[in-house]
Amino acid sequence: MRAIDYIWLIPLFPLVAAGLQAFLKRPQKRVSMFLSIAAMTAALVVSLWAFKDTLGGGHHDEPAKPNGKEMPAGSHAAEVRNGGAKLKPAPEYEELAKKSEHVTYRATHNFPWITMGAHDLKLGFVNDPMTAIMLVMVTFVGLMIFIFSTGYMGEDENATRFFCFLSLFAASMLGLVVSNNLLMLFMCWELVGLCSYLLIGFWYFKPSAAEAMKKAFITTRIGDIGFFIGILWLYAKSGTLLFYDNGAGILEDANVAKLAAENMSFFGVYMSVSSAIAICLFIGAMGKSAQFPLHVWLPDAMEGPTPVSALIHAATMVAAGVFMVGRMYPIFDASIVDGQLVHAMTQAHPHPTPALTFVMWVGAITAVFAATIGVAQNDVKRVLAYSTCSQLGFMMMGLGAVGFVAGMFHLITHAFFKALLFLGSGAVIHGCHHEQDMARMGGLKKLMPITFVVYLIGMLALVGAPLTSGFFSKDEILLAAFHTNRIVFAMGVFGAFLTAFYMTRQMYMVFAGEYRGGDLHGHDAHAHEKHGAQAGTPVPPDDGHGEHDKRDDHGHSHGGMPHEVPKHMWMPLAALAVFALLLGFLGTPFIGGNLWHHYLAPESAAHDVNWMVMGIATGAGLIGFLLSRAIYGKRAVLADGSDPLQSKLGGVWTLLNNKWYVDEIYGATVVRVNWICAALFRGVDASIDWTLHAISWVTIGISSIWRWVGDEFLINGGVDTVSEGVRGTGSGFSSVQSGKVQNYLRIVGWGAVGLVLVVLFLTREHWEHWLSK
Amino acid sequence: MTFAFCFFAVVSVVGAVCAMTLRNVVHCVLAAILFFFGIAGLFVTLHAEFIAAIQVLVYVGAVGVLLALAILLTRHITGTEGPKETMKKWSRGILTGGAVFFALAAAIWIEKGWLAKKTAVSTGSVRQLGEVMMEKFVLPLEVVAVLLTAAMVGAIVIAMEEFVKKK
Amino acid sequence: MESREGDSCPDKSRQECCVYERIGEREGELKMIGLEHYLILSALLFAIGLLGVVTRRNAVIVLLGVEIMFNAANLSLVGFWRFRPDALAMTGQMFTLFSITIAAAEAAVGLALVIAIYRHYKSVDVEEMTTLKG
């Protein structure tokens, strides 16, 4: 029994849950929560099974990639399952597969969806390492967030609807991950966009939330234009949209070679069709993953509840763009060298294709750009949002620098620690009674110790403190960048520096010092010196909670003082923290070779360990930390409530605080154009209206005239006249019948006279000659 | 011959005119009887003596009396004066009568050449009349007999009904 | 039965003897009364009868006028018999006889009707009898 045969259950469980939840009534919150969590757990179980399947490697559904491994002719297509046909694997190949470690597992299950004459539109599911690891990540992180939400959204009166949307989102995201068809991926892509829209504007009665939900949807839609052009182009060139179809899929060598061989020019820039298509597809990823310049929606998306921010805008949905680039990587990195198809990622000294170059630069710019803004934000979630944006830039940078494994690795690790950070911030917000301004927090280390610990773990992973998961993944990316483009590498290092800086700033503002909001409770809060980057021992998740927590439970206000969150809220945090710490060891080169590398893409070339890069990256992080500590360590917020850095940077601070005025620029240009067009068209519409009114007025006028002339005068009048005439004639004639016989006889007499005269006239020849006689 | 014709013609015309124009209806009836006599005389000048005799018998004897009786039975209480005809009516009537006379006279005058062209005249005796009636015209005779019977019955029925009801 | 036989009489049989007078033999005589005179007289009498029928208001007088018209017609019939001999000798007289008979019957019925009407309307004024007015 193979998991691929049941992989369709994974998106189905949450979808069914969402369907059932749609019919629940508002008070049935617990039922709704149960359905979501049950569905997600079931999906997790099946995902683990799928993951297990992929661990074996071995059985292969497609011909080997042209990286030197020769396949015995005619023995490819082992164990194909396409609508039922099963072939036995050729014995030589099985032998080869067992021996080789360079073959990735890939199982597909394709089925025809729409039949158009002789041509079928097929959809399908795929189970390969990338899918499997994403499945596990999404289901696990999702499950943790769902559990967290039961506490966080438990009091909200619309919780039923919330979990329904969450389930729907989970179904869409999982569907996106398992799809073997670009069209199905796109459909799920749009569905996650819809769920994002619904969940950002969950509190739709808030005007800011309503604005944010529209902005998110429209901005991602703009990106989707490019995506769709890419899909259409790809379909036109390939004739199919299946990824893996026994050699005929669009990601398989036959098709990719065809695309890479054809060249086209785009406004003077020469590139292969595969790169051009890839760039179009990437535009969609730019929208979905909030790359510059389509990043503007992500910070505003923080209007949604914190679990939403954690799940959608940190771990999964925004990662869908990165995932899509990863999935379509064969098209991104394909080029024709000496008449042979070459995938850049398999080369030891990779040369990025135009598409990958584009991706890399966009990613790098985004990473630095977002990080600079994150430095000057005061809302705890905004900082994390910009951090997400920046980290997505890192991922794109990694992918673009021919670091496929690095980028995907960072995607997975980032999901865990960013979700952890967001949930932690949710705990903070919840504990501070829905206060989100960092200037009014502080001293929460003592007040919410567990939250502090897990948040610290997340922060360390994010900045790349050694031996955390983020350390290894970020290092891989920088390594790939180093080997590809030094400028990009420098930008990445700068981004790492900024990341450390603003995260340290956030830690100091939120957890250190004294509580600045509401009234104090007499707790002593002193600046807690954080672990230095050198210490290697990770802090285990804290089991002992302060006296606070044992008594305090959710909803029990303590006179305005922040309090720790209840167990069912910090347990998911703890679980995520474990992964944030330990996941890194999957991808480290020190342990058993790079496990991650072997698992995900054994055919891609691995870079050797470069201590210099590692040192530079770590050093940048350390410098960031120290600088931030120097500025914010003593007092995170000045007496007048302003930021200590503000006075030092002055105008630059204002620029950063206002997000480089990107929103305002957009408002003045794009949105303005839109408004002008709308006003123009409204004018056209008004003139059309006016024309219609004029026409109708003229029509009414004509019809009245016609009614008066034609109907009244001619027809009525005519008919009346005729009828009057007939009546008159009739009455005239009836007067003949007077009832008086003598009148009748008189008339007869006259008639007789007339007759005689007529006869005489007619026979005049007869008697004329008698007249003379 | 000429004198006889002219005399009887004048009598007939005068009788007819008086019958049609006199106010007193009894006088009208008497004038009518004069007229009938005039016609009978004209028949005599035409050598149709039997017809003349029948004319006197039937018209003067029966029809005239019948008319007189009818007049007497339908008299107004106030007198023999009936309602007066208007001058308009008279003029119309004269006009119609005049038109008819002139039309017929024109036709006759036009044909007078042919009419005047006589070859012979016929005479006959009553014996001949009887023989013809019984041989050639027996069918019309019988039909007329039936007709007379029907007329008689009808007249009695019409005139009698009221009489019976009154009883 | 008087017969003046002339030389031109073709047939001397008594049964079918008709005397045919030759016309135009005597000269200097006054113009003879011919058919046209009788016809014109008949037309005149007919017109007088018609005049009365369409003019008089008394129903009986109207019927009287009808009788006058009948007589005028009979006169012309007899005239034609006299001056236009027919193979069938007495046709004219037969015709006239029947005409008289029927006229008499008609007068009887008509007057009976007038009596009946008089009983109903209490009047014989034809101007009042307009129930058939349309």
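The following paragraphs describe the fold of the individual chains, selected packing details and the contacts between chains in a predicted model.

Residues are numbered from 1 along each chain as its sequence is written, and chains are lettered from A, with ligands numbered from 1, in the order in which they are written. Because the model is predicted, local features require a pLDDT of at least 70 and side-chain atom pairs count only at pLDDT 80 or more, whereas totals for chains, interfaces and linings use all residues.

Chain A contains 29 helices and six strands, where helices (H or I, at least four residues) and strands (E, at least two) are DSSP runs numbered from the N terminus. Of its 773 residues, 51% are buried; a residue is termed buried if 20 or more other C-beta atoms lie within 10 Å of its own, exposed if 12 or fewer, and partly exposed in between, with C-beta atoms placed from the backbone. Contacts are defined by C-beta atoms, placed from the backbone, that lie within 7 Å. Among the contacts in chain A between residues at least 6 apart in sequence, 77% join residues at least 24 apart.

Within chain A, helix α20 (residues 486-511) and helix α24 (residues 611-632) have axes that come within 7 Å and cross at roughly 35 degrees. Axes here are lines fitted to C-alpha atoms, for helices over the stretch in contact, and angles run from 0 to 180 degrees between N-to-C directions. The crossing of α20(A) past α24(A) is right-handed, that is, the near helix is turned clockwise from the far one by less than a right angle. Residues of α20(A) that meet α24(A) include F497(A), F501(A) and Y508(A), and those of α24(A) include A620(A), G624(A) and F625(A). By class, this contact comprises 15 nonpolar, five polar and two charged residues; Ala, Val, Leu, Ile, Met, Phe, Trp, Tyr, Cys and Pro count as nonpolar, Asp, Glu, Lys and Arg as charged, and the others, Gly among them, as polar.

Strands β5 (residues 334-337) and β6 (residues 340-343) of chain A pair in the antiparallel sense over four bridges, pairing being assigned if DSSP finds at least two bridges between two strands. A334(A) stands opposite H343(A) in β6(A). Two residues lie between the strands of this hairpin, in which D338(A) adopts a positive phi near 55 degrees.

Chain B has a mean pLDDT (the predictor's confidence in each residue, from 0 to 100) of 87, and 90% of its residues reach 70 or more. Among its elements, helix α5 (residues 112-116) has the lowest mean pLDDT, 73, and α2(B) the highest, 95. F35(B) lies in helix α2 (residues 25-45) of chain B and counts as buried because it has 31 C-beta neighbours inside 10 Å. Beyond its neighbours within four places in sequence, F35(B) contacts S12(B), G15(B), A16(B), A19(B) and, in chain C, I68(C).

Chain C comprises three helices and zero strands, and 49% of its 134 residues are buried. A total of 76 residues of chain B are in contact with 69 residues of chain C. The chain B side of this contact divides into 54 nonpolar, 16 polar and six charged residues. The contact between chains A and C takes ten residues from each chain. On the chain A side, helix α28 (residues 741-762) provides the largest share, five residues, and the classes are two nonpolar, six polar and two charged residues.

Definitions and conventions
Two residues are in contact if their C-beta atoms, placed from the backbone, lie within 7 Å.
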